[in-house]
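Here are my notes after a look through this one, in no strict order of priority. Have the viewer open as you read.

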Amino acid sequence: RAWNWVGPQPDGVFNAACVVVTRTHFETWEQLLATWTGPAPRLAGVHGQTVLHRAPKGNQAGATLQLIDGPAMQAALGVALAYDFRSNDVAAGGQGAPLAPAYHAALLERLGGDAACVLNLGGVANITARMSSGSLVAFDTGPANGPIDEWIEGHGLGTHDEGGCFAGAGRVHDGLLVQLLDHDWFDQSPPKSLDRYDFNASMVRGLSVEDGAATLTEFTARAVAIGLSQLPEYPARLIVCGGGRHNPVLMAALARAAGCEVHSAEAVGWRGDSIEAEAFAFLAARTARGLPISWPSTTGVPAPTRGGKLIF
């Protein structure tokens, strides 16, 4: 983050981290196959670890950096591999994010019904909305788990607010919340994207652990509500995936703020803990077939854009 594309790239640090990320991905693949009883995989999709993301702004081009050694990963897996999904979109003038909407749209199409929206609560929150016409709109709404996790970890109390216990024991600082919601991010029209650290735990510095967690949690929900209000058509229901759906305090805040039905991914028959992995498998298949993975209404790219590098 200190480098942020200014000056020489710190290759030593990035290369060391890339080795760890690549090895961890391969170990996860081996764990999966150890209990896998289905057909042998012939294609894999790997995103890698995003360490920096910069949205285009004015005359400044966007930039994105994910750590993964694609060739080493493919050699270890022994199957065709698609990776580096964001670079083409960014090079063409898009935000490079979010990319999961291609898969979210496929899931929503299967569900049918009125206008609906998928909310992914990862480090950042993003939504994919399918309008009643079938058109698609997607963008980042604001922070999600990232600042909350950072806040809890910074106090030496674990890696995340498990079960929302700290937020549930705290009180939202209403005055600070008003200030946070006055950020110019919320005046920007979609499509738009964030780096994980564009909003961070320092927003609630000075509050108790509980009140800080409560304020960050409420801020996430209210930011999602603002995002929903920026859609051309308000959704009838919001389907929540990502790790944040395990936080009951956050889910309750969303139910209050969203102004529509709020369901977990499991409530509609989806595998909530697998959707991100499924999304990049889906993108790998589209890459292999030469199909677009981003569109003007999802990343702001000028035209439907293919992405990903495919190696055998």
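1. Let me start with Asp 84, which is buried at a relative accessible area of 18%. The cut-off for buried is under 20%, so 18% earns Asp 84 the label. Its backbone deserves a look too: phi of Asp 84 is positive, about 55°, although the residue is not a glycine. As for its place in the chain, Asp 84 sits in the loop between strand S4 (80-83) and H3. Do keep in mind that this is a predicted model.

2. Asn 4 is another non-glycine residue with a positive phi, here near 50°. You'll find Asn 4 in the segment before H1. Is it buried or exposed, or something in between? Asn 4 comes out as partly exposed, with a relative accessible area of 36%.

3. Now for the cis peptide bonds. One runs from Ala 97 to Pro 98, with omega near -10°, and Pro 98 belongs to the loop between helix H3 (87-91) and H4. Another joins Pro 190 to Pro 191, with omega near 0°. Pro 191 is in the loop between helix H7 (174-181) and H8. I'd look at both loops in the viewer.

4. Helix H4 covers residues 101-111, and its buried residues are Pro 101, Ala 102, Tyr 103, His 104, Ala 105, Leu 107 and Leu 108. What comes after H4? The helix is followed by Gly 112, and phi of that glycine is positive, near 70°.

5. On to salt bridges: the whole structure has seven of them. Take Arg 23 and Glu 27, whose side chains meet at 3.9 Å, N to O. The cut-off for a salt bridge is within 4 Å, so at 3.9 Å the pair does count. Both residues belong to helix H1 and are four residues apart, about one turn of the helix. An α-helix has 3.6 residues a turn, so residues three or four places apart point the same way. Neither end is hidden away: Arg 23 is partly exposed at 44% relative accessibility, and Glu 27 is partly exposed as well, with a relative accessible area of 38%.

6. What about a pair that links separate helices? Arg 256 and Glu 218 make a salt bridge at 3.0 Å, N to O. Arg 256 is in helix H9 (residues 248-258) and Glu 218 in helix H8 (residues 209-229), so the bridge ties together parts that are 38 residues apart in sequence. The two ends have unlike surroundings: Arg 256 is exposed at 60% relative accessible area, whereas Glu 218 is buried at 12%.

7. Glu 278 and Arg 271 form a further salt bridge, with the closest N and O atoms 2.7 Å apart. Here Glu 278 is buried, with a relative accessible area of 15%, while Arg 271 is exposed at 57%. There is also a network: salt bridges that share partners join Arg 245, Glu 266 and Asp 273 into one.

8. For the surface, see the nonpolar patch of about 290 Å² made by Leu 32, Leu 33 and Trp 36. Leu 33 is part of helix H1 (residues 11-34). Residues need over 30% relative accessible area to join a patch, so Leu 33, partly exposed at 33%, clears that bar.

9. The second largest pocket holds about 510 Å³ of space. How many residues line it, and which lie nearest its centre? The lining has 21 residues, and Ala 55, Lys 57, Ser 193, Leu 194 and Asp 198 are those nearest the centre of the pocket. By class, the lining is split into seven nonpolar, seven polar and seven charged residues.

10. Last, Phe 139. This residue lies in strand S7 (residues 136-143) and is buried, with a relative accessible area of 0%. For a sense of scale, the C-alpha atoms of Phe 139 and Val 46 are separated by 21 Å, with their positions 93 residues apart along the chain.

Notes: Residues are numbered from 1 along each chain as its sequence is written. This is a predicted model: local features need pLDDT of at least 70, side-chain atom pairs count only at pLDDT 80 or more; totals for chains, interfaces and linings use all residues. Side-chain values use heavy atoms; hydrogens and water are left out. Patches are made of residues with over 30% relative accessible area and no salt bridge: like charges are joined within 9 Å, nonpolar side chains (Val, Leu, Ile, Met, Phe, Trp, Tyr) within 5 Å. Accessible areas come from the Shrake-Rupley method with a 1.4 Å probe; for residues, only the protein chains shown count as cover. Helices (H or I, at least four residues) and strands (E, at least two) are DSSP runs, numbered from the N terminus. Buried means under 20% relative accessible area, exposed over 50%, partly exposed in between (1.4 Å probe, protein chains only). On a 1 Å grid over the protein atoms alone, a cavity is a set of points where a 1.4 Å probe fits but cannot get out, and a pocket is an open set with protein on both sides within 12 Å along at least five of seven lines; lining residues have an atom within 4 Å of a point. Grid points are joined across faces, edges and corners, and a volume is the space filled by probe spheres set on the points. Ala, Val, Leu, Ile, Met, Phe, Trp, Tyr, Cys and Pro count as nonpolar, Asp, Glu, Lys and Arg as charged, and the others, Gly among them, as polar.
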